[in-house]
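Got the model open in your viewer? Here is a walk through it, one selection at a time.

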Amino acid sequence: MKEVFGRIFIHRREENWWMNLLVPITSIIIALIVGAIFIASTGRDPILAYKLMFGASGFVPGPYFKTHFAEMLLYTALFASTGLAFALPARAGLFSIGAEGQFLVGMITAAFFGFWKPLYNLPSFIHITIIFAIVILFGGLWGLIAGFLKAKKGINETIITIMLNWIAFHLIEGWLVPTGGPLAADVSTGVSGTPYVSPSARLPVILPGTRLNISILVMLLVIYLAWFLLYRTVFGYEIRAMGYTAITNMEAPKIGGVNTEKRIMQIMFMGGAIAALGGSFVVLGFLGQYPPVFEGGYGFDGIAVALIGGNEPVGILLSSMLIGGLRTGATAVQLARIPKTFPAIIEGLIVAFIALNELIRYLLSKVLLRKKEGVA
Amino acid sequence: MNWTFLINQSIAQILDFAAPILFAALGGVISENAGVVNIALEGIMRFAAFFGVWGAFVSKSPWVGLLWGIGIGALLGAFHAYITVKWAGDQIVSGVAINVVAAGGIRYFLEWIFKTTGYSPNVTYFGDPARLINLKFLENIPVLGAFAHLHIFIWLSLILVFVLHFLLYHTVLGLRIRAVGEYPLAAETLGVNVLRIKWFAVILGSIIAALGGVALSLGTMSSFVETGMAAGKGFIGLAAMIFGKWTPIGAMWATFLFASAQVLQFLLQAIAKGVATKIPVGFYLALPYILTIGALIGVVGKAVAPAADGVPYKKEG
Amino acid sequence: MEALRVENIVKRFPNVLANDNVSLSIEKGEIFAIVGENGAGKSTLMKIVYGLYLPDSGNIYVFGKKANLKDSRDAINLKIGMVHQEFMLIPRFTVTENVVLGDEPKKFGFVFDYNKAVKEVKELSEKYSLTVDPTEKVENLPVGIQQRVEILKILRRGAEILIFDEPTAVLTPEETEELFKTLRKLKEAGKTIVFISHKLSEVMEIADRIAVMRRGKVQGIVKKEETNERELAKMMVGRDVVLEIERVKTEPGNVVFEVKDLAVKNPRGIIGLKDVSFKVREGEIVAIAGVEGNGQSELVNAILGFYKPIKGVISIAGKEMKFITPYEIRSKGLAYITEDRKRRGLILQYRARENIILGKHTLYPFSKNGIMNDAAIDEYATRKLQEFDVRPPEPYMKAVNFSGGNQQKIILARELSMDHKFLLASQPTRGLDVGAMEFVYKWLIEEKKKGIGILLISLELSEVMGLADRILVLYKGEIVGETTPENTTEEELGEMMLGLKRKVLQ
């Protein structure tokens, strides 16, 4: 085992594997610096802003640490779900931006089976498990539509997933959920949106005194499974092979017996299922229903999270924690008279610097090489 | 039942709704024909929508607002080009960066400048009845009557379709742009300055998309509204571009298809109010997207992008 | 008068010194050939002359004047033109658009005057007898015509020095003759031609003087009259090129592979293979000889399942294959060695160990119940890499970092270790140096001894004559020759490959 690790180490060094870690980290640092400059240029105090933001991010001990920590982990679960929904197909060479729609599908499914009479009084453990199972199924199917069309008909998955996002959105918020719709709560109850789910469907809290529920545990399991799938199974071996050869029409894997059509459909199903799971966390964890209007956006943040995390399960875990922490700290940042959407700017800057991959590698190699010469 | 009025109103609605999307789609067309993917259309539109209003607010003139919108479009385009052309960076990542910054950054600006959350004050705008381009004589002609009272952006979007078509398919520059998007090395060996052309196409594409953003906030509406503005129009533009097979005219028809949801709702409400109210609004809105998928399945599925689309160009040796 | 001179050109790439102090001088109006094996540095040198690469050091003189070549535009301005090995043509554009790109006739300064362009292309093609349809899309043209378009491109810009990089690699024998006719005509018109090739027979036919390059250095420059192919080969390789191929006699066994009345269309809609039938037996090497483009790729792709035949039957081990997928035919016992290492043979970003189990990765012991067994894979990979002399025998090294010869060895290791009865070897020694070639031949003989039926597709006659038990010559999609090495000569094979002779056994 040690031998193997050593060999990987040697050959990864061959391509400067540590550089792969350094680039995102450098991007983050530079982004924070640029963000600070930006704040300063608009007349606010950057140091105060960052102090507040990180203080409330759940990373750093401080007042209300428990609450912030909990919030950070809750966000982590959500971002990780949409992050994986983009990253897994990406590893197979597919560009799927359907996480947004899949997330919504998960939400509405969870909401429905949460208030559905036949399940209403089941014990919590059973009720939630059943809901999760159905959510995975429906979300997976939503993703499978694009996967099927791509595999069997060669239709560009990007455009299909964009379409499906909108179809999900409009059908849910324009038909199912508005007053009078099939899933809407009865007007007499005074509730708008779907009815509230049964208490037995609410996710159990694991840290008393906070909102932190099992969603993060579920997501940790999912991330582990994603990693295992990608690196320890035949499935993952084939998917990664497809991703590396996507430009050349996947000829080598096909000759090697890989059933690319099947794999495309399977990975798209998985991506959809995971994003939907994230959606169910929102309904069963935070809201208790599908509200009349849902602002969403977790889908697109998922892309950023995936890119910062290098499309790797572990990387996505870390980047979701980062973005989750920024999001949590966002409310506090308002005390420095900075709008709470500021972290989104930082997020964008991080991604931008990741895009400048080449530039950063170039700068880093210059800096590090100079150091070496200095020593000699 | 005044059919003429109905038809004209419907077409006018399509054109109005389509205009911002069309700009986004055209922006994408130009950029991708030169081989650079730009999924930041959404973010660029948002930025431009905001800057347009800001400029109009500051100067009390929508024209200045337009200029500001174009300016930010050019700036963002230069940013994207810098990353993707100069440093051959990942085009998707760069585009995502812009979108994400747009999502959060604009709120920041709103609060900083207007001290509000979510919307800006009203400004003078192009859709103002006083500023419409009035062709009264067309009013009562079926179909053409739709063009009787449109604001400038709608005209601009349509004219732009044909301008870009001409540019791409009948000018030297257009030939070179397409060559660069298909096989940059071949163009390079003939002395075409591949990098310069990519810069140009990306910035031009961004500016066009920015026009779409300004069309949103200064066109029919008169202010910037956080939610609902752009709100996916950039991505629909992207889809229109793909569906239109990366040509300006194709993108135009695709955009009209997507915009027709509005029309359907309107038409149905006018014709059969009873039926109309029974169909949930969600179906109308979802219909164009469902139709698109249907069309893609029906028509020969493969949309063929320019051959070197999305591939960063690195000079060898 | 001297047309082109390069002096002390040095060019280094990360792993290799491509040009090591190269100097040579080319006279105006001559056809000057540069020969050498793959990797000798000939392409690199000319790409430097054409401005695509910048030399690390050295000078270039064009018509006596020192030249500063920063990019292709500079080269074009100096009247240098290059026809590349991989055509620089945009498939979706028409001939005219491709020819005038970068130098388009204009109206009003920015409008593309297409009609004028068409006229100009017509005039140019008539002037040099290079017939083309100016309005046809390049993707619809056969390779030989595409090459004409490339030539027109450079003539349009007034090229006086024309560089051809391996121009005949993709031509049929007829097209090659047409090309030579064109070259002679261009020479008459006073043009200077630089002809890069590794095909000695052609070079001997067309060139006036020949420079031989090996490992980045110029080994020698000779006049055609003063040399012959054998001499050139010796200079190219440093020793006698006659490869030692063990001649083994085996008794052919049962039929292990058969095609009957096979006809295949290629994606362009052209019927590349018409009515082909043959059998391959256990322990037999059947070689298909022919110039590239006569149906070989259609045959291979049909066997693999990438193209669907329009008629005919393919059977392996007696079983007819219908609706073939690559997986199906491999499971019936087909192993495949390809010349296209980068796209078909290997997954470059995967490590050697991952490539070596491709195709077997679903089987025990490499995986069980869908979960991969790293220890088993490592053990297997280490063993196989040693067995097949892959250097370095490091399972954790990414495929892209191995040299071409070693990449092919990895492919061999993978394919030959499979359970198979039939081996499809498509140009297995393409791009390999002599040492690697010998290695491949050795293994093919081993396979033969084991009773595997081998279908060898090759463009190299020496290879065909050395390895085959039976030879089939493919010309324009049909088998025009059936013979054995004992009953034929390389000359005769050449004639059949050019369509000049038929020798079909009844």
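Start by selecting Ile285(C) and Ile454(C): the two are bridge partners, with Ile454(C) sitting in E22(C). Keep in mind as you click around that this is a predicted model.

Now widen the selection to the two strands around that pair, residues 285-289 and 453-458 of chain C. These are strands E15 and E22, and they pair in the parallel sense over five bridges. As a reminder, strands of a sheet pair through backbone hydrogen bonds, either parallel or antiparallel.

Next, bring in the rest of the sheet. Six strands of chain C make up an open sheet in the order E18-E21-E22-E15-E23-E24, and the pairing is mixed. Which strands stand at the edges? Select E18 (334-337) and E24 of chain C: each has a single partner strand, so one side of each has no neighbour in the sheet. Turn the view to look across the strands, and you can follow the twist: on average, neighbouring strands are turned by 20° against each other, direction ignored.

Add residues 490-497 of chain C. This is helix H17, which packs on the sheet and touches E15, E23 and E24 of chain C. Compare its direction with that of E23(C), and the angle is about 30°.

Stay in this area and select Lys476(C). The residue is in the loop between strand E23 (470-475) and strand E24 (478-483) of chain C. Check its backbone angles: phi is near 50°, a positive value in a residue other than glycine. Is Lys476(C) buried or exposed? It is partly exposed, because 16 other C-beta atoms lie within 10 Å.

**A hairpin in chain C**

Move to residues 209-214 and 217-223 of chain C. Those are strands E11 and E12, which run antiparallel and are joined by six bridges. Pick Val212(C), and opposite, in E12(C), you will find Gly220(C). Then go to the turn: the hairpin has two residues between the strands, and Arg215(C) takes a positive phi near 50° there.

**Two cis prolines**

Select Tyr364(C) and Pro365(C) and look at the peptide bond from one to the other. The bond is cis, with omega near 0°. Pro365(C) lies in the loop between helix H12 (352-356) and strand E19 (367-368) of chain C.

For another cis bond, go to Arg391(C) and Pro392(C), where omega is near -5°. Pro392(C) is in the loop that runs between helix H13 (374-387) and helix H14 (404-416) of chain C.

**Colour chain C by domain**

Zoom out and try three colours. The domain assignment gives domain 1 as 2-237, domain 2 as 253-333 + 419-506, and domain 3 as 345-417. Drop a marker at the C-alpha centres of domain 1 and domain 2 of chain C, and the distance should read 33 Å.

**Where chain A meets chain C**

Show chain A next to chain C. At this contact, 21 residues of chain A meet 23 residues of chain C. On the chain A side, highlight helix H1 (2-14), helix H10 (234-244) and helix H11 (251-255), the elements that give two or more residues. Colour that side by residue type and you get ten nonpolar, seven polar and four charged residues.

**Where chain B meets chain A**

Swap chain C for chain B. Here the contact takes 41 residues from chain B and 40 residues from chain A. On the chain B side, select helix H4 (91-114), helix H9 (233-243) and helix H12 (281-298), which each give two or more residues. Which of these gives the largest share? That is H4(B), with 15 residues. By type, the chain B side divides into 28 nonpolar, nine polar and four charged residues.

**Chain B on its own**

Hide everything but chain B and switch to cartoon. You will see twelve helices and two strands. Trace the chain along its sequence and the pattern is α-α-α-α-β-β-α-α-α-α-α-α-α-α. Of the 317 residues in chain B, 58% are buried. Among contacts between residues at least 6 apart in sequence, 77% join residues at least 24 apart.

For the last stop, select Trp246(B), in the loop between H9 and helix H10 (248-271) of chain B. Phi of Trp246(B) is near 60°, again a positive value in a residue other than glycine. Trp246(B) counts as buried, because it has 23 C-beta neighbours inside 10 Å.

Definitions and conventions. Residues numbered from 1 in each chain as written. Chains lettered and ligands numbered in written order. Predicted model: local features only at pLDDT ≥ 70, side-chain atom pairs only at ≥ 80, totals over all residues. Helix = DSSP H or I, 4+ residues; strand = E, 2+ residues; numbered from the N terminus. Buried ≥ 20, exposed ≤ 12 C-beta atoms within 10 Å, placed from the backbone. Contact = placed C-beta atoms within 7 Å. Domains from an automatic or database assignment. Nonpolar A, V, L, I, M, F, W, Y, C, P; charged D, E, K, R; others polar. Pairing = 2+ DSSP bridges. Axes fitted to C-alpha atoms, helices over the stretch in contact; angles between N-to-C directions.
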